[in-house]
Amino acid sequence: MKITNAEIVISAVSQKQYPNDQLPEIALAGRSNVGKSSFINTIINRKNLARTSSKPGKTQTLNFYKLNNAFYFVDVPGYGYAKVSKKEREKWGKMMEEYFQTRDTLNAVILITDVRHEPTSDDIQMYDFLKYYQLPVIVVATKLDKVPKNKIDAHLKRTKETLEMEADDYLLPFSAEKGYGKEEAWNLLKKFI
Ligand code: GTP
Ligand code: MG
């Protein structure tokens, strides 16, 4: 898809701040530092619209990016970062629950995992949480550039099995570094926007 217009509309921490123009929305989810913000930048061909960092915990709010004045990507803070206080974690949990449980215009969620590693218990919990709310899930196994070619299939199989993915969920190999999977990502996302 050609993105001709990309803008951040708001960094929200609660429901009353969400945009209310009723455009379809796709949210990201995944561990801290896994590559959520990088995924957004790569597929929309912008180097730094969504702020990224080599340190975990960069994204702290729900960031609503409006694309082509037609739909939103919502970048979210990651989970599973050890150096976060209990209070911060609770705040994160409330913000995420409020968003995923109440957002009517949320059409699908992109769950990003690191293709190198077996999905963590947090990943499994997030996947199950999204399925519980009957949200279509696209699992994106990113950092593909870090896995030798002859090992890729085995890594993807492990991701699928560990998450116990359902037959109608998609698993997409991806690399923000190399741009692998961009076209396939849009082909899947088109169905939801
Ligand atoms: P939080 O906002 O902290 O939750 O992190 P995030 O999931 O948004 O991760 P972010 O996109 O900021 O990327 C984290 C780090 O991983 C950065 O140093 C990126 O350059 C790197 N990274 C992201 N995607 C890829 C990829 O496909 N390949 C490689 N090699 N590095 C990647
Ligand atoms: Mg981020």
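**Group meeting: a protein chain and its ligand**

I'll start at the ligand. Helix α1, which covers residues 36-43, gives three residues to the shell around ligand 1, the most that any element gives. In total, 24 residues surround ligand 1, and those that come nearest are G35, S38, T52, T59 and G78. By type, the shell around ligand 1 has 14 polar residues, six charged ones and four nonpolar ones.

Before going on, I should say that this is a predicted model. How confident is the predictor? The average pLDDT of the protein chain is 94, and 100% of the residues score at least 70. For the model as a whole, ipTM is 0.99 and pTM is 0.95. As a reminder, where pLDDT is low, predicted coordinates should not be read in detail.

Now the fold. The protein chain contains seven strands and five helices. If you walk along the sequence, the order is β-β-α-β-β-α-β-α-β-α-β-α.

Next, overall dimensions. Along the principal axes, the C-alpha atoms of the protein chain fill a box of roughly 45 × 40 × 35 Å. What radius of gyration would a compact globule of 193 residues have? It would be near 16 Å, and because the protein chain has 16 Å, the two agree. Buried residues account for 34% of the 193 residues in the protein chain. As for contacts between residues at least 6 apart in sequence, 71% of them join residues at least 24 apart.

There is also an annotation to mention. An unreviewed UniProt entry places the feature "domain: EngB-type G" at residues 22-193. Over residues 22-193, the chain is 33% helix and 21% strand. The end C-alpha atoms of that stretch are 12 Å apart.

To finish, one residue in some detail: M95. Where does M95 sit? Its place is in helix α2, residues 86-102. Is M95 buried, exposed or partly exposed? Its C-beta atom has 19 C-beta neighbours inside 10 Å, and a residue needs 20 or more to be buried, so M95 counts as partly exposed. Which residues does M95 touch, leaving out those up to four places away in sequence? They are V13 and L62. Q15 is 80 residues from M95 along the chain, yet the C-alpha atoms of the two are separated by 8.5 Å.

That is the end of my part.

Note on methods:
Residues are numbered from 1 along each chain as its sequence is written. Chains are lettered from A and ligands numbered from 1 in the order in which they are written. This is a predicted model: local features need pLDDT of at least 70, side-chain atom pairs count only at pLDDT 80 or more; totals for chains, interfaces and linings use all residues. Helices (H or I, at least four residues) and strands (E, at least two) are DSSP runs, numbered from the N terminus. The radius of gyration is taken over C-alpha atoms; the globule rule is 2.2 Å times the number of residues to the power 0.38. A residue is buried if 20 or more other C-beta atoms lie within 10 Å of its own, exposed if 12 or fewer, and partly exposed in between; C-beta atoms are placed from the backbone. Two residues are in contact if their C-beta atoms, placed from the backbone, lie within 7 Å. A residue is near a molecule or strand if its C-beta atom, placed from the backbone, lies within 6 Å of it. Ala, Val, Leu, Ile, Met, Phe, Trp, Tyr, Cys and Pro count as nonpolar, Asp, Glu, Lys and Arg as charged, and the others, Gly among them, as polar. UniProt positions are given in the numbering used here, feature names are shortened, and annotations may be inferred rather than shown by experiment. pLDDT is the predictor's confidence in each residue, from 0 to 100.
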